[in-house]
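Hi,

Here's the structure I said I'd pass on to you. Have a look at it first, and then read my notes underneath.

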Amino acid sequence: MAPSVLPSPRPVVVFDGDCGICTKLAGVITSYLRPPAAVEPWQRLDLAAYGLDAQICTEALQYVDADGRVYAAELAVAQLLKASRPWFRPAGYVIALPGVRQVAGVVYRWVARNRQSLPGGTPACAMPPQKQPDQ
């Protein structure tokens with residue numbers, strides 16, 4: 001399938017559209033967080049135009065801001081929260097704090113490695129072993 005969504009001047013949240021959990025969370029982002037960002041599965045994007053590739057998009061959530069800066073994993077979550085509804089913003093700043101960021105990274109990587117076993121997970125959610133993020 002050819003990419004259908006090209007870069008725009010607004011931020012974009014890039015998730016794994018093959019993963020049931022990621023797709024469900026993308027709906028939560030759109031419905032509750034309401035960031036001023038496009039929320040798109042990486043499979044529909046021209047990844048090279050965003051400075052991304054399929055491997056990093058399979059490994060972790062990506063947040064590309066309006067200036068083209070790319071944030072991955074827990075930092076993507078932090079940036080997303082900072083750009084969302086006002087009552088979610090403090091959580092984004094807390095996640096980005098030294099110490100908290102490291103803990104958030106450990107939690108993020110554990111969830112990413114085990115997403116196929118979590119509620120809502122499917123075999124399609126599993127990351128290939130060679131693409132799993134390091135601990």
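Below is what I found, going from the overall layout to single residues.

One thing before you start: this is a predicted model, so please read everything here in that light.

**The layout**

The chain has six helices and four strands. If you walk along the sequence, they come in the order β-α-β-α-α-β-β-α-α-α. The chain has 135 residues, and 39% of them are buried.

**Helix α6**

I'd begin with α6, which runs over residues 100–114. Its 15 residues reach 21 Å from the first C-alpha to the last, close to the 21 Å expected at 1.5 Å a residue. Ala104, Gly105, Ala112 and Arg113 are the ones to look for if you want buried residues in α6. Try looking down the axis of α6: the buried residues fall within an arc of 160°, so they line one face of the helix.

There is also a nonpolar patch to find on the surface, formed by Val103, Val107, Trp110 and Val111. Together these residues have about 360 Å² of accessible area. Trp110 belongs to α6, and it counts as partly exposed because its relative accessibility is 44%, which is short of the cut-off of over 50% for exposed.

**Salt bridges**

As a reminder, side chains of opposite charge can pair when their charged atoms come close. How many salt bridges does the count come to? It comes to five, and here are some to look at.

Start with Asp16 and Arg115, whose closest N and O atoms are 3.0 Å apart. This pair links distant parts of the chain, with the two positions 99 residues apart in the numbering. Asp16 is in the loop between β1 (12–15) and α1 (20–33), while Arg115 is in the segment after α6. Are the two partners buried or exposed? Both Asp16 and Arg115 are buried.

Next come Glu40 and Arg44, whose side chains meet in a salt bridge at 3.0 Å, N to O. Here the partners fall into separate classes: Glu40 counts as buried because its relative accessibility is 14%, whereas Arg44 is partly exposed, with a relative accessible area of 32%.

Then there is the salt bridge between Arg69 and Asp65, with the closest N and O atoms 2.8 Å apart. Salt bridges that share partners join Asp65, Asp67 and Arg69 into one network. Asp65 is buried at 11% relative accessibility, and Arg69 is partly exposed at 45%.

**The aromatic pair**

A pair of aromatic rings is described by the distance of the centres and the angle of the planes. The structure holds one such pair, made by Trp87 and Phe88. The rings are 6.2 Å apart, centre to centre, and their planes stand at 45° to each other. That makes the pair tilted, because only planes under 30 degrees apart count as stacked and only those over 60 as edge-to-face. Trp87 is exposed, with a relative accessible area of 59%, while Phe88 is partly exposed at 24%.

**Positive phi angles**

While you're clicking through the backbone, stop at two residues. Arg34 is not a glycine, but its phi is positive, near 50°. You'll find Arg34 in the loop between α1 and β2 (38–41).

Ala73 also has a positive phi without being a glycine, in this case about 55°. Ala73 is in helix α4, which covers residues 73–82. With 12% relative accessibility, Ala73 counts as buried, because the cut-off for buried is under 20%.

**One last stop**

Leu25 lies in helix α1 and is partly exposed, with a relative accessible area of 48%. Its C-alpha atom is 9.1 Å from that of Phe15, and the two residues are ten apart along the chain.

If you only have a few minutes, I'd pick two views: the Asp16 and Arg115 salt bridge that links distant parts of the chain, and α6 seen down its axis, with its buried residues within an arc of 160°.

Happy browsing!

Notes:
Residues numbered from 1 in each chain as written. Predicted model: local features only at pLDDT ≥ 70, side-chain atom pairs only at ≥ 80, totals over all residues. Heavy atoms only, no water. Patch = residues over 30% accessible without salt bridge, like charges linked within 9 Å, V, L, I, M, F, W, Y side chains within 5 Å. Areas by Shrake-Rupley, 256 points an atom, 1.4 Å probe, with all protein chains shown as cover. Salt bridge = Lys/Arg side-chain N within 4 Å of Asp/Glu carboxyl O. Buried < 20%, exposed > 50% of the residue type's maximum accessible area, 1.4 Å probe, protein only. Phe/Tyr/Trp six-rings, centres within 6.5 Å; stacked < 30°, edge-to-face > 60°. Expected span 1.5 Å × (residues − 1). Arc of directions from axis to C-beta.
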